Amino acid sequence: MTINEIQDELIEEFSFFEDRNEKYEYIIQLGKELPLIEEAYKKDENLIRGCQAKVWLHADFRDGRVHFTADSDAIITKGLVSMVVRVLSGHTPGAIAQAELYFVDKIGLQGILSVTRSNGLLSMIKQMKLYAVALQTKTS
Amino acid sequence: MSTDVMVAPAALDIQQIRNDFPILQTTVYGKPLVYLDNGATAQKPWAVLKAIEDYYTHLNSNVHRGVHHLSQKATDAYEASRRKVTAFLNARHDYEVIFTKGTTDAINLVAYSYGKQFVQEGDTVIVSAMEHHSNIVPWQIMCEDRKANLQVIPINEKGELLMDEFSALLNDKVKLIAVAYVSNTLGTINPVREIIAQAHQHNIPVLLDAAQAVQHIPVDVQELDVDFLVFSGHKIYGPTGIGILYGKEEWLNQMPPYQGGGSMIKQVTFAKTTYHDLPFRFEAGTPNIEACICLGTAIDYITGIGLPAIQQYEHELLEYATAQLLSIDKLRIIGTATQKSGVLSFIVEGVHPYDVGVILDNMGIAVRTGHHCTQPLMEFYGIPGTVRVSLAFYNTKEEIDQLAAGVKRAVTMLT
């Protein structure tokens with residue numbers, strides 16, 4: 001699936017929920033369920049330090065594709081992180097670098113990106129794209 | 001019969017007061033707003049909103065320059081506001097009241113100007129372990145510049161200053177003590193009279209960061225005998241972008257200007273510039289005239305309600321909120337000083353403060369989460385941050401009930 005197809009799939013999943021509470025509950029569930037990163041990678045150099053929650057990000061380059069794993073100490077951030085990983089992981093560096101992430105707004109949680117802005121989610125997306133651009137440059 | 005019997009302040013009509021603040025009618029995601037982030041910024045009453053409109057509708061003009069009618073009216077209003085602040089703080093002279101951009105700007109002014117004049121290599125500046133970054137970083141910058149040392153008054157687990165350790169820090173090398181009157185994170189009311197008295201025994205001046213104090217506690221700079229005191233307009237129901245530096249005349253007169261230009265100038269030649277007298281020497285450039293004037297309106301508003309009544313009501317609210325929150329399983333209050341103002345910081349075991357904040361927001365309840373710009377304090381408690389509830393006199397017990405129910409709901413969702 002392409003990055004946009006995965007985003008559309010997520011938007012579809014969230015369309016079943018009627019109100020904000022249910023959407024949050026689903027994000028929390030995603031945060032609780034997913035083992036996202038090996039403990040060994042939860043080290044300071046992989047830490048994206050936001051104002052509030054911590055986010056760890058690890059990138060692995062295999063078979064021409066970037067594979068991301070990540071985690072956060074806050075469960076809602078972790079749920080959001082798991083979605084970003086689902087959308088961006090396993091794609092080519094070029095596709096990741098060019099990706100436009102619209103799903104967070106479209107799932108109907110207005111303001112959640114701005115709420116989360118200081119928490120490293122945007123920093124994380126930026127960092128993922130930087131990895132991709134660096135790998136793209138290296139491999140081209 | 002004793003003549004100094006304490007008269008209990010009249011009870012506040014909270015519903016009437018809430019009508020003064022139009023933003024309190026806001027709904028968030030379809031639910032009525034419960035605004036409990038007053039430590040970050042307070043909401044504005046109609047009186048201030050109207051004053052802002054009036055300023056731009058009838059008064060807008062530059063101050064201290066024009067000979068024309070509007071400029072004179074604006075200047076009169078600007079200086080009238082300075083006199084209101086003077087009376088509010090009971091300063092000796094109105095030229096001891098300097099308009100700044102805010103608390104941070106005022107602290108930076110003192111750090112720069114006082115530091116330049118009085119701090120030498122090897123000297124010391126003392127702050128406390130519970131300071132906001134705004135009362136740490138300007139001193140760090142100044143100390144680095146002057147090759148001076150920054151020392152820290154430690155605190156106990158309750159969030160109270162260790163006064164014995166404070167006394168032990170005092171010596172001839174200490175050139176200034178800068179402490180919060182009230183901690184923005186813990187709500188601790190510090191023993192500022194004792195700090196000032198001890199400091200003055202060593203001829204050391206004291207700066208009080210009163211950003212979280214002046215809207216909750218009556219402050220009298222002469223009675224405190226404090227040397228510098230700073231606060232922000234927006235936390236005291238006034239506009240943003242305005243703050244106050246109060247300084248004793250004898251200190252301010254010895255301090256060099258902080259910034260150059262505008263009405264701080266007496267005469268400029270390319271050979272030499274002479275500076276204006278206080279307070280204009282520290283008010284370079286065109287000030288935030290509207291905010292300066294409307295800060296006076298905000299002060300009129302809260303003085304009209306009465307700080308003793310505000311203090312009493314907020315204290316009742318704090319005690320009620322403390323009891324309500326402590327009834328929640330695994331909830332721990334960070335900051336349990338004996339003397340506290342209307343701030344409640346808490347964590348719930350096994351739950352990240354950020355998550356609680358997001359779920360509360362979803363219910364229309366506005367609180368602050370994070371480290372509250374007091375990272376050293378979070379390190380002391382070994383926590384990533386807290387959920388902070390900061391009260392104002394327009395808050396109600398019903399809102400506290402909604403908060404407690406919201407926290408319970410958030411904990412159920414998150415665990």
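Start by selecting Asp225(B) in this predicted model. Asp225(B) has a relative accessibility of 34% and counts as partly exposed, because the partly exposed range runs between 20% and 50%. You'll find Asp225(B) in the loop between α8 (221–224) and β9 (228–232) of chain B. Now check its backbone: the phi of Asp225(B) is positive, about 60°, although Asp225(B) is not a glycine. What makes that worth a look? Most residues other than glycine have a negative phi.

**Another positive phi**

Next, select Lys330(B). Here too phi is positive, about 65°, in a residue that is not a glycine. Lys330(B) sits in the loop between α11 (307–326) and β13 (331–334) of chain B. Is Lys330(B) buried or exposed? Lys330(B) is exposed, with a relative accessible area of 51%.

**A cis peptide bond**

Staying with the backbone, go to Leu278(B) and Pro279(B). The peptide bond from Leu278(B) to Pro279(B) is cis, and its omega is near -5°. For background, most peptide bonds are trans. Pro279(B) belongs to the loop between β12 (273–275) and α10 of chain B.

**Two helices that pack together**

Follow chain B into α10, residues 289–305, and select α3, residues 69–89, along with it. These two helices of chain B pack with their axes 8 Å apart, at an angle of about 40°. α3(B) and α10(B) are therefore oblique to each other. Turn the view and you can look for the handedness: α3(B) passes α10(B) in a left-handed crossing.

Which residues make the contact? Show the side chains and pick them out:

- From α3(B): Ala74(B), Ala77(B), Tyr78(B), Ser81(B), Lys84(B), Val85(B) and Phe88(B).
- From α10(B): Ile289(B), Cys292(B), Ile293(B), Leu295(B), Gly296(B), Ile299(B), Asp300(B), Ile302(B) and Thr303(B).

Sorted by class, the residues of the contact of α3(B) with α10(B) are 11 nonpolar, three polar and two charged.

**A helix with two sides**

Now select helix α5 of chain B, residues 137–146. Colour Pro138(B), Trp139(B), Met142(B) and Cys143(B), which are buried. Why do these four end up on the same side of α5(B)? They cover an arc of only 130° around the axis, which puts them there together on the same side of α5(B). A rule of thumb helps here: an α-helix has 3.6 residues a turn, so residues three or four places apart point the same way.

Spin to the other side of α5(B), where Ile141(B), Glu144(B) and Asp145(B) are exposed. To see what the buried residues of α5(B) pack against, show α4 (103–118), β5 (124–128), β6 (149–153), β7 (174–180) and β8 (206–209) of chain B. Just after α5(B) comes Lys147(B), with a positive phi of about 60°.

**A proline with distant company**

Jump to Pro376(B), in helix α13 (residues 375–381) of chain B. Pro376(B) is partly exposed, with a relative accessible area of 42%. Select Ala129(B) as well: these two are 247 residues apart in sequence, but their C-alpha atoms are 6.9 Å apart in space. Setting aside neighbours within four places in sequence, Pro376(B) is in contact with His133(B) and Ile136(B).

**Where the chains meet**

Bring chain A into view. Chain A has seven helices and three strands, and from the N terminus on they run α-α-β-β-β-α-α-α-α-α. Of the 140 residues in chain A, 50% count as buried.

Pick helix α3 of chain A (residues 75–88) together with helix α12 of chain B (residues 353–362). Their axes come within 7 Å and cross at roughly 85°. That makes α3(A) roughly perpendicular to α12(B). The contact is made by Ile75(A), Ile76(A) and Thr77(A) on α3(A), and by Tyr354(B), Asp355(B), Val358(B) and Ile359(B) on α12(B). By class, that contact has five nonpolar, one polar and one charged residues.

Last stop: α12(B) itself. Nine of its 10 residues are buried, so α12(B) is largely enclosed by the rest of the structure. Among the buried ones are Pro353(B), Gly357(B), Leu360(B) and Asn362(B). α12(B) is followed by Gly364(B), with a positive phi near 85°.

Technical notes
Residues are numbered from 1 along each chain as its sequence is written. Chains are lettered from A and ligands numbered from 1 in the order in which they are written. This is a predicted model: local features need pLDDT of at least 70, side-chain atom pairs count only at pLDDT 80 or more; totals for chains, interfaces and linings use all residues. Side-chain values use heavy atoms; hydrogens and water are left out. Buried means under 20% relative accessible area, exposed over 50%, partly exposed in between (1.4 Å probe, protein chains only). The arc is that of the directions from the helix axis to the C-beta atoms. Contact means heavy atoms within 4.5 Å. Axes are lines fitted to C-alpha atoms, for helices over the stretch in contact, and angles run from 0 to 180 degrees between N-to-C directions. Angles under 35 degrees count as roughly parallel, over 145 as roughly antiparallel, 65 to 115 as roughly perpendicular and the rest as oblique. A crossing is left-handed if the near helix is turned anticlockwise from the far one by less than a right angle, and right-handed if clockwise. Ala, Val, Leu, Ile, Met, Phe, Trp, Tyr, Cys and Pro count as nonpolar, Asp, Glu, Lys and Arg as charged, and the others, Gly among them, as polar.
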